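Thanks, everyone, for making time this morning. I would like to walk you through one structure, so please have a look at it before I go on.

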Amino acid sequence: MDQLASRKPEHIFILIGSNDIKISDKKEFMAKYAQLIAGIKEKLPNSKINILSITPVSVDALNKEPSYKRIPEYNLSLQELARTENVNYIDLMPIFKNNAIPYASDGIRFKTDFYPLFLNHVRKTSIDVFSQKTDRI
């Protein structure tokens with residue numbers, strides 16, 4: 001946290017991956033996420049915090065690890081957490097609905113072709129959200 005605070009970023013994007021839902025239940029996961037956000041707000045009160053949805057996994061990965069079926073449930077909780085904490089939530093699902101996503105062999109991570117789609121979506125979504133918030137002030 002101190003290293004992040006020393007950089008004084010204007011925007012912070014948090015993407016905690018699907019591996020984390022394998023090692024903790026939703027209540028613990030959300031509590032840790034809330035602690036992380038509280039710590040960021042304390043050290044960087046002027047930074048704009050963005051929670052990114054957990055990315056889906058391939059069908060093969062889903063069949064190998066049943067806990068991945070809970071990704072949509074966790075994403076709903078992340079949306080609620082974002083509302084509660086008054087931070088931005090960026091839904092990554094449109095990337096997957098609108099594109100053939102190149103998964104790596106594990107079905108969890110992505111091939112390099114994914115990342116330009118990811119960055120463009122995050123950039124566009126965060127610009128749209130921040131301009132809306134500015135318009136409301």
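Let me begin with the second largest pocket, whose lining, sorted by class, has seven nonpolar, four polar and one charged residues. What you are looking at is a predicted model, and in it this pocket has a volume of about 190 Å³. Among the residues that line the second largest pocket are Leu-15, Gly-17, Ser-18 and Asn-19, then Ile-54 and Thr-55, and further along the chain Ile-108, Arg-109 and Phe-110.

Now to the sheet, where three strands form an open arrangement in the order E1-E2-E3, with parallel pairing. Strand E1, residues 11-14, and strand E3, residues 88-90, stand at the edges with a single partner strand each, so one side of each is left without a neighbour in the sheet. On average, neighbouring strands here are turned by 25° against each other, direction ignored. Between E1 and strand E2, which covers residues 48-52, there are four bridges, and if you follow His-11 across to E2, you will find Lys-48 as its bridge partner.

Two helices lie across these strands. Helix H3, residues 26-43, lies across E1 and E2 and runs at about 160° to E2, while helix H5, residues 71-85, lies across E2 and E3 and runs at about 155° to E3.

Finally, a word on confidence: the protein chain averages a pLDDT of 88, and 89% of the residues score at least 70. Over residues 133-137, however, the pLDDT is below 50, and this stretch has two contacts in the model beyond near neighbours in sequence.

Methods:
Residues numbered from 1 in each chain as written. Predicted model: local features only at pLDDT ≥ 70, side-chain atom pairs only at ≥ 80, totals over all residues. Heavy atoms only, no water. 1 Å grid on protein atoms, 1.4 Å probe; cavity = no way out; pocket = protein on both sides within 12 Å on 5 of 7 lines; lining within 4 Å. Points joined across faces, edges and corners; volume = space filled by probe spheres on them. Nonpolar A, V, L, I, M, F, W, Y, C, P; charged D, E, K, R; others polar. pLDDT = per-residue confidence, 0-100. Contact = heavy atoms within 4.5 Å. Pairing = 2+ DSSP bridges. Axes fitted to C-alpha atoms, helices over the stretch in contact; angles between N-to-C directions.
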